[in-house]
Amino acid sequence: MGKIHAAITGIGAFLPDYRLTNEEISSMVDTTDEWIMQRIGIKERRILKESGKATSDMGVAAVQELLEKTNTSPEEIDLLICATITPDRPFPATANIICRKAGLHNAWSYDISAACSGFVFALTTGASFVETGKYKKVVIVGADMMSAITDYTDRSTCPLFGDGASAVLLEPTLEDVGVIDHINYTDGKGRHYLHIKAGGSKRPASFETIENREHFVHQDGQTVFKYAVSRMADVAVEIMEKNQITPDKLAWLVPHQANMRIIDAVARRMKIDPKQVMINIQKYGNTTAATIPLCLNDYEKQLKKGDNIILAAFGAGFTWGSVYLKWAYNS
Ligand code: UT7
């Protein structure tokens, strides 16, 4: 028997209705639409405003749309992996809550914490389960409610992030489509440059940590920027060379959406045409684990069976990685 590949056979997504525009951000901190567009490239982001709603609720909506689109019943799912850094609570896993709320009663589930590389790491992991032949239907969710950990008094971080969720279904195939290869890396030295300072075992929550605003995202933007460009481009080129994908054979690059300047620099280093790059950062901002599947969802109708697609991500940790996949269906 030939090798079993894990193919993405459907996508679902959820975006909250509320649009936080650059104009509104300019009324909260000392910034302008012009600065944000020039330095980041984000026009607006979606924010989950309803009280009591959390990451799992966005994940459930994405999974429900996915099941409906693929005509799959919730009981058929074997495993669900949720990539997130904004779980509903420190524990239990948000994946467990999504399964319960979406009726995935036969699935076991867990979370993966890899920040902006979360979807790439979770897809790699889920594909490995499918490739064993034991798992027939695996759901990968990328979901983050970044508004819960964004400091809206800090102009250097608050324009960057948004909320959203997206989910893909992985199924086995013997055809030459699906996840073909993946290369992932982590380097814990990055922990100093992009992190939440408190709320974990190293620095539990206290009045002091709250007063110091230590439960929000902090980053050394310039250092993260430099690493993001070089690591994301290097790993994408590495996977292309390893699989003999020259720029003319590539249909799409799907980069993590953190900053338009990072995306442009990565595409230049890969020597690919800007038309080959999926971009939706202007509409949603950086939704962390959700950016890559939200791109696939937005571009789904343009994708054709057999398209060579490279996913590339970089995030806190540092974490970075790339997946080479051949698209498995025509919409
Ligand atoms: O997915 C991984 C997660 N994160 C990232 O990938 C983010 C990577 N980093 C970045 O995208 C960029 O570093 C930022 C967008 C965060 C910042 O852009 P930058 O070009 O690196 O700006 P900077 O931090 O070097 O700041 C330049 C100036 C500073 O003013 P001075 O010191 O030169 O007077 C900042 O205070 O821009 C100022 N500044 C702002 N001005 C207007 C910073 N944020 C703003 C703002 N509006 N929102």
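In the predicted model, the side chains of Lys137 and Glu76 form a salt bridge in which the closest N and O atoms are 3.9 Å apart. Lys137 is located in the loop between H5 and E6, and Glu76 in the loop between H3 and strand E4 (79-83), so the pair ties together parts that are 61 residues apart in sequence. Lys137 has a relative accessibility of 15% and counts as buried, because the limit for that class is under 20%. Glu76, at 35% relative accessibility, counts as partly exposed. The pair belongs to a network in which salt bridges that share partners join Glu76, Lys137 and Glu171.

The search of the whole structure returned 16 salt bridges. One of these links Asp57 to Lys101, with 3.0 Å between the closest N and O atoms. Asp57 is part of helix H3, whereas Lys101 is part of helix H4 (residues 94-102), so this salt bridge ties together parts that are 44 residues apart in sequence. Lys101 is partly exposed, its relative accessible area being 43%. Lys101 is also in contact with Ser56, a residue of helix H3. At 0% relative accessibility, Ser56 counts as buried. When neighbours within four places in sequence are left aside, the contacts of Ser56 are Asp88, Thr94, Ile97, Ile98 and Lys101.

A further salt bridge joins the side chains of Lys69 and Glu300, at 2.8 Å from N to O. Lys69 has a relative accessibility of 42% and counts as partly exposed. Glu300, by contrast, is buried, with a relative accessible area of 10%. Lys69 lies in helix H3, while Glu300 occupies the loop between helix H10 (291-299) and E12; the pair therefore ties together parts that are 231 residues apart in sequence. Helix H10 is itself mostly covered, with eight of its nine residues buried. The buried residues of H10 are Thr291, Ile292, Pro293, Leu294, Cys295, Leu296, Asn297 and Tyr299.

The domain assignment divides the protein into domain 1 (5-176) and domain 2 (180-326). Taken over C-alpha atoms, the centres of domain 1 and domain 2 are separated by 14 Å. The contact between them involves 48 residues from domain 1 and 45 residues from domain 2. The size of an interface is often given as the accessible area lost when the parts come together. For domain 1 and domain 2 the buried area is about 3700 Å², of which 62% is on carbon and sulfur atoms.

Polar and charged pairs also occur across this interface. Between domain 1 and domain 2, 20 residue pairs are in polar contact, counting pairs with both residues at pLDDT 80 or more. Four salt bridges were found across the interface of domain 1 and domain 2. On the side of domain 1 that touches domain 2, at least two residues each are supplied by strand E1 (5-14), helix H2 (33-39), strand E3 (44-47), helix H3 (55-69), helix H5 (118-131), strand E6 (138-145) and strand E7 (163-173). H5 gives the most to this side of domain 1, with six residues.

The largest nonpolar core contains 45 residues, and those touching the most other members are Leu250, Leu253, Val266, Met270, Ile272, Ile310 and Phe314. At least two residues of this core come from each of helix H7 (221-242), helix H8 (260-269), strand E12 (308-315) and strand E13 (319-326). Helix H7 supplies the largest share, nine residues. Because domain 1 (5-176) and domain 2 (180-326) both give residues to this core, the core lies between them. For Leu250, with neighbours within four places in sequence left aside, the contacts are Met240, Ile245, Ile272, Gln276, Asn308, Ile309 and Ile310. Another core, of 37 residues, lies apart from the largest core and includes Ile8, Trp252, Tyr299 and Ala313.

Terms used: Residues are numbered from 1 along each chain as its sequence is written. This is a predicted model: local features need pLDDT of at least 70, side-chain atom pairs count only at pLDDT 80 or more; totals for chains, interfaces and linings use all residues. Side-chain values use heavy atoms; hydrogens and water are left out. A nonpolar core is a set of buried Ala, Val, Leu, Ile, Met, Phe, Trp, Tyr and Cys residues joined through side-chain atoms within 4.5 Å. Buried means under 20% relative accessible area, exposed over 50%, partly exposed in between (1.4 Å probe, protein chains only). Helices (H or I, at least four residues) and strands (E, at least two) are DSSP runs, numbered from the N terminus. Domain bounds come from an automatic or database domain assignment. Contact means heavy atoms within 4.5 Å. Buried area is the accessible area (1.4 Å probe) that two parts lose on being put together, summed over both. A polar contact is a pair of N or O atoms within 3.5 Å; within protein, one must be able to donate a hydrogen and the other to accept it, and residues adjacent in sequence count only if both atoms are side-chain atoms.
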